[in-house]
Amino acid sequence: DEMADHMEHLGKLGDELSVEERNLLSVAYKNVVGSRRAAWRIITSVEQKEKSKGNEDNAKFANEYCKKVEGELQKICDTILGLLDSNLIGKASTGESKVFYQKMKADYYRYIAEFSTDQNKTNA
């Protein structure tokens, strides 16, 4: 998480990111989101298993924790999407960097769609 925070700060500075900095930004956020996506998948699986066993109390606990992880995921995705929209895409000077940032943006919308439901999924 610290790496993502540092790279967010770097992305907010006035200069365009170098190729190395761009790759570090991508890896930092991918690691932060990846661990939470994995946790979300495991928790939802546990929740479904507990429901099928009839353990409503355990399913409720799993659902509560799942909501917490979803909140963290949403916050992280919103942060990087905001950084891409407000700073990075506009400062990109090469076609390669513009495509890189647009792909990143699409990835994070896809991550939001994975855990969202109903209208939020449609928006993502």
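This section describes the aromatic pairs of the model and the nonpolar core that involves some of their residues. The model is predicted, so that local features require pLDDT of at least 70 and side-chain atom pairs pLDDT 80 or more, whereas totals for chains, interfaces and linings use all residues. Residues are numbered from 1 along each chain as its sequence is written, and side-chain values use heavy atoms, without hydrogens and water.

Two aromatic pairs were identified, pairing being assigned to rings of Phe, Tyr and Trp (its six-membered ring) with centres within 6.5 Å, and classed as stacked for planes under 30 degrees apart, edge-to-face over 60 and tilted for the rest. Phe100 and Tyr101 form an edge-to-face pair, with 5.9 Å between centres and 80 degrees between planes. Phe100 is partly exposed at 22% relative accessible area, whereas Tyr101 is buried at 1% (buried, under 20%; exposed, over 50%; partly exposed, in between; 1.4 Å probe, protein chains only). The rings of Tyr108 and Tyr111 are also edge-to-face, because their planes lie at 85 degrees, with centres 5.0 Å apart. Both tyrosines, Tyr108 and Tyr111, are buried and lie three residues apart in helix α4 (residues 95-115), helices being DSSP runs of H or I of at least four residues, numbered from the N terminus.

The largest nonpolar core (buried Ala, Val, Leu, Ile, Met, Phe, Trp, Tyr and Cys residues joined through side-chain atoms within 4.5 Å) contains 30 residues, of which Leu25, Ile80, Tyr101 and Tyr108 touch the most other members. Elements contributing two or more residues are α1 (2-12), α2 (19-53), α3 (56-91) and α4; α3 gives the most, with 12 residues.
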